[in-house]
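Q: Please take a close look at a single part of this model and work outwards from there to the parts around it. Give the cut-off behind each term when it comes up.

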Amino acid sequence: RILVKFHPGASQEHRHDAMVRYGLTHIRTIPEIGIELHEFDGDPTTRKFNLKRHPAVLDVEDDGIAEGIPLDVAGGDEWYQQKIGADFAWANGYRASGELIAVLDSGTTLSHPFISGKVAAAKNFVLSETQTANDVTDNEGHGTATSSLVLAVAVDANLVIGRVMSQNYASWSNLALGIIWAKDLAKIISISIGGSGDSFTLIDA
């Protein structure tokens, strides 16, 4: 799969010509940043090289993959609270009351004792599975762990949960969709997912 960014002034006719000429199958559009996700058959390097030469196309990149960051609990259950100075914040009355914090991960367990009743909004962006758009059930545990860690520090906050990861991997397109959605709802976005290389899709999101 590849992400295609067309020139803002490119006509629909020229965009369609690029898709037909290079055998692209449209999957979805991210309208907020003007980027489209496409599938194709054949060699990706050759296809991207040729697409970049088309006058309607501004840039092309793979729909890259990022991986869930392993959670290090070697320092004990409260090491992260000490690391970020949570005790100092609590002592000075900051408990994140009324704040919305977004967590983009593998979803969460809504019945978890830390999380139950604390989720203000939720959305699933992993479209290739059977879970519906509102089903953020965490099948891996990574997102539940990161959500719990957030609430263990920001104890009076509420969460915005975006499920962007499956089997410990998140595509750049899913991450971008999650970021665009979450930034309109929350002041803080927590993403415990990492990868190598730059992505204009994520930068634009």
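A: Leaving aside its neighbours within four places in sequence, Ser-199 is in contact (heavy atoms within 4.5 Å) with Glu-61 and Trp-172. The model is a predicted one, in which local features need pLDDT of at least 70 and side-chain atom pairs count only at pLDDT 80 or more, while totals for chains, interfaces and linings use all residues. Residues are numbered from 1 along each chain as its sequence is written, and side-chain values use heavy atoms, with hydrogens and water left out.

Ser-199 sits in the loop that links β11 (193–194) to α7 (200–204); helices (H or I, at least four residues) and strands (E, at least two) are DSSP runs, numbered from the N terminus. Its relative accessibility is 5%, so Ser-199 counts as buried. Buried means under 20% relative accessible area, exposed over 50%, and partly exposed in between, with a 1.4 Å probe and protein chains only. The side chain of Ser-199 makes two polar contacts, one to the backbone nitrogen of Thr-201 at 3.3 Å and one to the backbone nitrogen of Leu-202 at 3.2 Å. A polar contact is a pair of N or O atoms within 3.5 Å; within protein, one must be able to donate a hydrogen and the other to accept it, and residues adjacent in sequence count only if both atoms are side-chain atoms.

On the other side of the loop, β11 belongs to an open, antiparallel sheet of three strands in the order β9-β5-β11. Two strands pair if DSSP finds at least two bridges between them. β9 (169–171) and β11 are the edge strands, each with a single partner, so one side of each has no neighbour in the sheet. Strand β5 (residues 65–68) is joined to β11 by two bridges, and Gly-68 has Ile-193 of β11 as its bridge partner. Helix α6 lies across β5, β9 and β11 and runs at about 75 degrees to β9. For such angles, axes are lines fitted to C-alpha atoms, for helices over the stretch in contact, and the values run from 0 to 180 degrees between N-to-C directions.

Ile-193 also has a place in the largest nonpolar core, which has 25 residues; Ile-193 is among those with the most contacts inside it, together with Ile-30, Ile-33, Val-164, Ala-170, Leu-175 and Ala-205. A nonpolar core is a set of buried Ala, Val, Leu, Ile, Met, Phe, Trp, Tyr and Cys residues joined through side-chain atoms within 4.5 Å. Two or more residues of this core come from each of β3 (35–39), β6 and α6 (172–183), and α6 gives the most, with eight. Ile-33 touches Lys-5, Ile-180, Thr-201, Asp-204 and Ala-205, with neighbours within four places in sequence left aside. Thr-201 thus appears twice in this account, as a contact of Ile-33 and as a polar partner of the Ser-199 side chain. Another core, of 13 residues, lies apart from the largest one and includes Ile-2, Phe-6, Met-19 and Leu-24.

β6 leads on to the other sheet to be described here. Four strands form an open sheet with parallel pairing, in the order β7-β8-β6-β10. Its edge strands are β7 (119–124) and β10 (188–191), each of which pairs on one side only. Direction ignored, neighbouring strands of this sheet are turned by 15 degrees against each other on average. β6 (residues 100–105) pairs with β10 in the parallel sense over four bridges, and Ala-102 has Ile-189 of β10 as its bridge partner. Helix α5 (residues 142–153) packs on this sheet and touches β6, β8 (158–163) and β10, its direction making about 160 degrees with that of β6. Of the 12 residues of α5, 10 are buried, including His-142, Ser-147, Val-150 and Leu-151.

For the chain as a whole, there are seven helices and 11 strands. Of its 205 residues, 44% count as buried. Among contacts between residues at least 6 apart in sequence, 79% join residues at least 24 apart. The C-alpha atoms fill a box of roughly 60 × 30 × 30 Å along the principal axes.
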